[in-house]
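Here are my notes on this one, with the voids and the aromatic contacts in mind. Have a look at the model first, then go through the points below.

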Amino acid sequence: MFSHAVQHNVNSYELWLMYINSRLRFDDRLDAYNDALSMLCQMTADTDNELKDRSAFILDIFLQMIYFLCMSGNVEKAVYRIYGILPTASPDCPGDRLLADAISCLTVSDRCIFWISCLYVSIYKKLPEEICDQLEFPKDLPRVLVWHPVELRVDNRSKVAELLKCAVDKMAVDINETVKNGDPSYLTLAQFLAVSHISCLAAIEGFQSSVDMLVKYMKEYPRCPNILLISARLYRKYGMCPGLKGFDELLMDWPKDLQGVQFLWNQYAEHALADNIELAEKVLTRWFEEYGKEGDVSRRADVGAMEVSNEVCEEQSLASTLEVSSGPSASEDQVYWLLNLSLYRMLESNLQEAQFAVDKALKLAQGESYEHCLREHVAVHTLERPSSCTDTQARATLSLISGYIADHRNLPTRELLSRRFIQNVKKHKLRLLIDDTIGPASADSSLINSVLEVCYGPSLLPEQIEVKYLVDFVESVMEILPANYRLALAVGTFVVKHYSGADPTSMGTRFWASSVLINAIFRAVPVAPESVWIEGANLLEKLQASEIVKRFHQQATSVYPFSFKLWHAYLTACKVSGSNTESIAEAARQRGIELNVVTP
């Protein structure tokens with residue numbers, strides 16, 4: 001049926017996705033990806049929206065193909081296809097023509113994601129998590145992409161270096177075109193490319209190569225704060241190095257009337273606060289002497305129709321505090337000026353004024369500054385929390401989260417690419433029926449999880465908490481974000497660590513944690529990444545839920561039928577429980593995956 005459908009609707013991304021997912025043999029699915037890319041590249045696009053849609057569809061199908069090759073144990077095929085687009089590739093390389101056509105159909109932003117993803121796969125043999133989380137959605141440039149140092153073979157390193165040079169050269173041409181066309185997005189693209197280039201060089205070639213490239217970019221983009229920050233941090237860590245500048249020199253060179261100076265001061269102070277409180281005090285004192293007396297919080301934060309009172313009502317709810325003005329957005333510097341003032345007031349031990357300043361900053365923050373501001377807001381508002389009472393801590397954190405949920409910025413809506421067809425449905429009632437039937441995409445939990453990270457660290461949960469408070473707290477958060485599988489994984493890890501006994505309380509807690517974990521993963525739309533299912537299966541085994549583990553593996557391998565790691569974990573779990581492994585090995589073999597059924 002799907003084959004017939006795509007033959008008569010060659011430009012339908014939605015039908016191609018269903019056709020691809022219906023192919024249950026490796027070669028058939030790979031052919032389906034190639035056919036989808038080939039047909040979508042021929043899709044006519046005249047308007048800006050049509051060009052963006054075509055680009056989003058092609059990029060997503062390409063990335064899903066790479067994801068499929070990596071998880072099935074065929075990452076070398078993915079890398080071979082990627083190297084086929086290099087100028088030095090042999091003429092018979094199968095990836096050359098098709099991927100070249102795909103690149104030509106992408107928007108500049110999507111090309112940047114394409115090249116960065118290709119580089120990452122060629123180095124680390126997997127897609128970045130930040131990209132995996134965006135599969136089936138329009139892609140945004142990742143805010144942070146970590147490039148871990150890695151040892152590559154000489155021949156592999158030369159290929160990666162060639163791919164890196166090719167990607168940077170082609171993106172430089174594209175960025176220059178956006179500048180000529182007057183597109184303001186060029187600075188964001190240039191910044192992302194530069195930071196990725198420097199970080200990639202540091203990972204594969206070492207410190208000196210990355211410093212040389214950093215100095216080059218500093219000269220090319222002397223007013224790009226995020227590039228300059230790399231210099232300042234390296235300067236503090238490694239000391240004098242030709243071309244590098246520390247925070248003091250950067251601030252001295254930065255024009256006082258140019259936006260960005262408050263951001264640099266903020267990063268200087270926070271960098272110092274991490275390991276040198278005396279330096280932080282000196283930095284913030286210098287800042288206050290130079291900028292802090294320019295006006296009080298009210299005058300500095302007065303934007304558009306927003307009127308801010310110096311009187312803070314003690315009983316005012318956090319939800320009302322976080323209301324966003326309908327007037328013009330504040331400049332980035334106004335937001336960071338308020339954050340700097342908050343840090344200064346904290347060092348003065350004036351917590352009320354510090355909270356007042358950070359409240360105003362969060363109210364004004366938009367775009368890239370918002371997440372940073374949110375984390376600062378959490379940090380300031382948790383300073384007065386008593387450390388002895390876990391119940392009070394949990395309630396205070398939940399109160400904060402409830403307030404953040406009331407702000408629409410904390411639950412950004414994301415539209416699935418596969419739901420675009422609904423826009424073409426003319427009848428309103430029919431559109432509502434389709435919406436109600438297939439349901440929306442899961443709410444993005446990343447900002448709320450960042451709040452928990454500020455409160456409790458990477459574990460997202462307090463080190464010690466009684467079961468009653470843990471259950472109440474987690475259930476309250478999951479009620480708001482039922483598909484928050486990151487929190488569910490954290491709960492499983494916590495329970496495995498603290499409730500491993502055979503007593504009724506421990507057994508009941510493990511069963512509850514298993515339920516939370518399974519529900520969160522199963523309710524994710526689109527499906528959770530492969531890594532989440534793998535981690536979830538591992539935790540369920542440790543939670544001693546043997547029968548549940550078997551059913552979980554069955555579901556996992558139906559969601560990702562070509563995942564070598566999931567099939568291997570399923571086989572291992574069956575070996576441990578004494579279940580039949582032959583049927584599992586045969587099912588995996590039908591997907592092109594060979595498993596060793598012999599017990600060592």
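1. Which residue lies over the face of phenylalanine 137, and at what distance from the ring centre? That would be arginine 414, at 3.9 Å from the ring centre. Keep in mind that this is a predicted model.

2. There's another charge-over-ring contact worth a look. Lysine 159 lies over the face of tyrosine 83, and here the distance from the ring centre is 5.6 Å.

3. On to ring pairs. The count comes to 22 aromatic pairs. One of them joins phenylalanine 68 and phenylalanine 562, with 5.2 Å centre to centre and 85° between the planes. An angle over 60 degrees counts as edge-to-face, so that's the label this pair gets.

4. I'd zoom in on where those two rings come from. Phenylalanine 68 belongs to helix H4, whereas phenylalanine 562 is in the loop between helix H28 (546-559) and helix H29 (564-577). The two are 494 residues apart, so the pair links distant parts of the chain. Both phenylalanine 68 and phenylalanine 562 are buried.

5. The pair also has company: ring pairs link Phe68 and Phe562 with Phe26 and Tyr33 into a cluster.

6. Now the voids. How many cavities of 30 Å³ or more does the structure hold? Just one. The volume of the largest cavity is about 50 Å³. Helices H7 (108-124), H9 (154-180) and H10 (186-204) are the elements that each give two or more residues to its lining.

7. Who lines that cavity? The residues are Cys112, Trp115, Ile116, Leu119, Leu164, Ala167, Val168, Met171, Leu193, Ser196 and His197. By class, nine of the lining residues are nonpolar and two are polar, with no charged residues.

8. Next, the second largest pocket, with a volume of about 750 Å³. It is lined by 29 residues, and the closest to its centre are Lys52, Thr107, Val108, Ser109 and Asp110. Helix H4 (48-71), H7, H9 and H10 each give two or more residues to the lining of this pocket. H4 gives the most, with eight residues.

9. If you're setting up charges, note the make-up of that pocket: its lining has 12 charged residues, along with 10 nonpolar and seven polar ones. In the lining of the largest cavity, by contrast, there are no charged residues.

How values were computed: Residues numbered from 1 in each chain as written. Predicted model: local features only at pLDDT ≥ 70, side-chain atom pairs only at ≥ 80, totals over all residues. Heavy atoms only, no water. 1 Å grid on protein atoms, 1.4 Å probe; cavity = no way out; pocket = protein on both sides within 12 Å on 5 of 7 lines; lining within 4 Å. Points joined across faces, edges and corners; volume = space filled by probe spheres on them. Helix = DSSP H or I, 4+ residues; strand = E, 2+ residues; numbered from the N terminus. Nonpolar A, V, L, I, M, F, W, Y, C, P; charged D, E, K, R; others polar. Phe/Tyr/Trp six-rings, centres within 6.5 Å; stacked < 30°, edge-to-face > 60°. Buried < 20%, exposed > 50% of the residue type's maximum accessible area, 1.4 Å probe, protein only. Lys NZ or Arg CZ within 6 Å of the ring centre and 35° of its normal.
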